[in-house]
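Colleague: Got a minute to walk me through this one? I'd like to start with the strands and then jump around a bit.

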Amino acid sequence: MNEVFLIGKIISNIEFKFIINSKNKAIACFEIETADNQIVKIQAYNQFADFAYSKLNTNDKVFINGYIEDNLIKVKCIKIY
């Protein structure tokens with residue numbers, strides 16, 4: 001597994017999904033733009049999904065710690081700047 005650290009600005013609306021009978025019950029999906037203008041898709045699960053949906057907005061600057069899986073970043077930590 002590989003670990004990534006990203007700082008960027010949220011450029012999309014945060015989509016929140018709640019899945020019944022699944023290992024990961026809450027999922028939040030959004031995109032960030034990094035300092036070098038790359039767009040990265042982010043997925044947050046469970047408590048991180050709840051945090052993302054309730055606290056994050058478009059144009060917020062965030063620090064994301066996670067890992068790459070299936071061309072997405074799966075979140076381990078989110079901080080707002």
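Modeller: Sure, we'll go through strand pairing, one residue in a strand, and a surface patch. Keep in mind that this is a predicted model.

Colleague: OK, which strand does β1 pair with, and in what sense?

Modeller: β1, residues 3-10, pairs with β5, residues 61-69, in the antiparallel sense, and there are seven bridges. To give you one position, Lys9 stands opposite Lys61 in β5.

Colleague: And how many bridges join β5 to β6?

Modeller: Eight, and those two strands run antiparallel. β6 covers residues 72-80. Gly66, for example, has Val75 in β6 as its bridge partner.

Colleague: How many residues sit between β5 and β6 in the hairpin?

Modeller: Two. Asp70 is in that turn, with a positive phi of about 55°.

Colleague: Let's switch to Asn65 in β5. Buried or exposed?

Modeller: Buried, because its relative accessibility is 12% and the cut-off for buried is under 20%.

Colleague: What does the Asn65 side chain make a polar contact with?

Modeller: The side chain of Glu3, at 3.5 Å.

Colleague: Which residues is Asn65 in contact with, leaving aside neighbours within four places in sequence?

Modeller: Glu3, Val4 and Phe5, plus Lys74, Val75, Lys76 and Cys77.

Colleague: New topic: which residues make the nonpolar surface patch?

Modeller: Phe16, Phe18, Ile20 and Tyr53, with an area of about 470 Å².

Colleague: Where does Tyr53 lie?

Modeller: In helix α1, which spans residues 46-55.

Technical notes: Residues numbered from 1 in each chain as written. Predicted model: local features only at pLDDT ≥ 70, side-chain atom pairs only at ≥ 80, totals over all residues. Heavy atoms only, no water. Patch = residues over 30% accessible without salt bridge, like charges linked within 9 Å, V, L, I, M, F, W, Y side chains within 5 Å. Areas by Shrake-Rupley, 256 points an atom, 1.4 Å probe, with all protein chains shown as cover. Salt bridge = Lys/Arg side-chain N within 4 Å of Asp/Glu carboxyl O. Helix = DSSP H or I, 4+ residues; strand = E, 2+ residues; numbered from the N terminus. Pairing = 2+ DSSP bridges. Buried < 20%, exposed > 50% of the residue type's maximum accessible area, 1.4 Å probe, protein only. Polar contact = N/O pair within 3.5 Å; in protein donor to acceptor, adjacent residues only side chain to side chain. Contact = heavy atoms within 4.5 Å.
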